[in-house]
Amino acid sequence: MNEVVGYKPRAIVQGFNVLDQDKSDRILDGFDLIGYVPSPVPEVASVEAEIEDPADRARRGRGVSTAEKLAIERHAVEVAMRFFAKNWPDIREVGRPYDLDCRKGDQILHVEVKGTTSEGVKVGLTRNEVRHARVFHGRVALFVQAGIILSGTETDPLASGGTSHVWNPWEIDLGELDPVVYEYTVPRG
Amino acid sequence: MTRVVLQPAGDEYARLHYVDTVENPVPLLRLAEFLPSNEVDALQAIYEGRPVPTWGVTPGEGGVNHRKWERLSVGDVVLLARDGVLFVSGVVTFKAHNRRLALDLWKTDDDGDTWEYLYFLDDLRPQSIPQAN
């Protein structure tokens, strides 16, 4: 770490220290410190990873295929990047636990992007996405690309169109969270 | 503005504190015995009943740690360090100054100081980052 921060090679942490922004940015860029915290229960982690928009499933009468899901997500992220690029000169895709990291000078905005073929009234969120939105409250935006049109085939889909909806800042608790899966600790004994 | 906080956690006290209140997070009910209701409400909203990984620093000589703690913000990333390794990272969710709570959690050090400038963590992640090159 010393090399990343610019400390002397053999320096060690001596006291509680809040690093300045430049050193902090170098560490944050250099190491994977904030991110996805998988459930310790493999089956729950799997469900969380596969969470999809419940309205998509209901409307289509089946779950979207993996290829369709990826096409929807890719389209939504591309539209979101174009949207935020108007005001944020430095944007990069992160993926987990949020999609876009937007920077302008010393300002930072994290963007959660959701794409759906539905009207976008409901979207799926993982536990980590919810936690991240709360922890970074005030610095997180939600971008929903709703009404995306899927064409092509189930295995070779094309996603296009849709309407953009943006909540910035995103006050996650103003919406309604409805759990679709629980992780349950069984009673002892 | 996310900043990184280096937190030494290698001395005898810190090793115990890490086990007592980070590795084994503190139930909100215990925190609620000492924190004002608005702070309990805030922690409840963040942790939703989960126990709370809790850390604190003493005022430090001449209040040096207190001044640094004042600069700590929600969203900052803390790196706990011991034996030359940054071994855990976590995100600051909330902070509180509460001497009575610190005394209950950790008692005092040899100088009679306690770790009363508290901060609470989430998204703990094991790390293995050597500090020296």
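Two strands pair if DSSP finds at least two bridges between them. The exercises below use a predicted model.

**Exercise 1.** Determine how strands β3 and β4 of chain A pair, and which residue in β4(A) stands opposite Asp101(A).

Solution. Step 1: β3(A) covers residues 100-104 and β4(A) covers residues 107-115. Step 2: five bridges link the two strands, in the antiparallel sense. Step 3: the residue in β4(A) opposite Asp101(A) is His110(A).

**Exercise 2.** Place these strands in their sheet and find which strands stand at the edges.

Solution. Step 1: the sheet of chain A is open, has five strands with mixed pairing, and follows the order β2-β3-β4-β5-β8. Step 2: β2 (90-93) and β8 (163-167) of chain A each have a single partner strand, so they stand at the edges and one side of each has no neighbour in the sheet. Step 3: on average, neighbouring strands of this sheet are turned by 20° against each other, direction ignored. Step 4: helix α5 (residues 66-84) of chain A packs on the sheet and touches β2, β3, β4, β5 and β8 of chain A. The direction of α5(A) makes about 145° with that of β4(A).

**Exercise 3.** Describe the contact between chains A and B.

Solution. Step 1: chain B and chain A contribute 29 residues each. Step 2: on the side of chain B that touches chain A, β1(B) gives the most, with five residues. Step 3: the residues of that side of chain B are 14 nonpolar, nine polar and six charged. Step 4: β1(B) is joined to strand β1 (residues 17-18) of chain A by two bridges, and the two run antiparallel. Asn17(A) has Leu6(B) as its bridge partner.

Note on methods:
Residues numbered from 1 in each chain as written. Chains lettered and ligands numbered in written order. Predicted model: local features only at pLDDT ≥ 70, side-chain atom pairs only at ≥ 80, totals over all residues. Contact = placed C-beta atoms within 7 Å. Helix = DSSP H or I, 4+ residues; strand = E, 2+ residues; numbered from the N terminus. Nonpolar A, V, L, I, M, F, W, Y, C, P; charged D, E, K, R; others polar. Axes fitted to C-alpha atoms, helices over the stretch in contact; angles between N-to-C directions.
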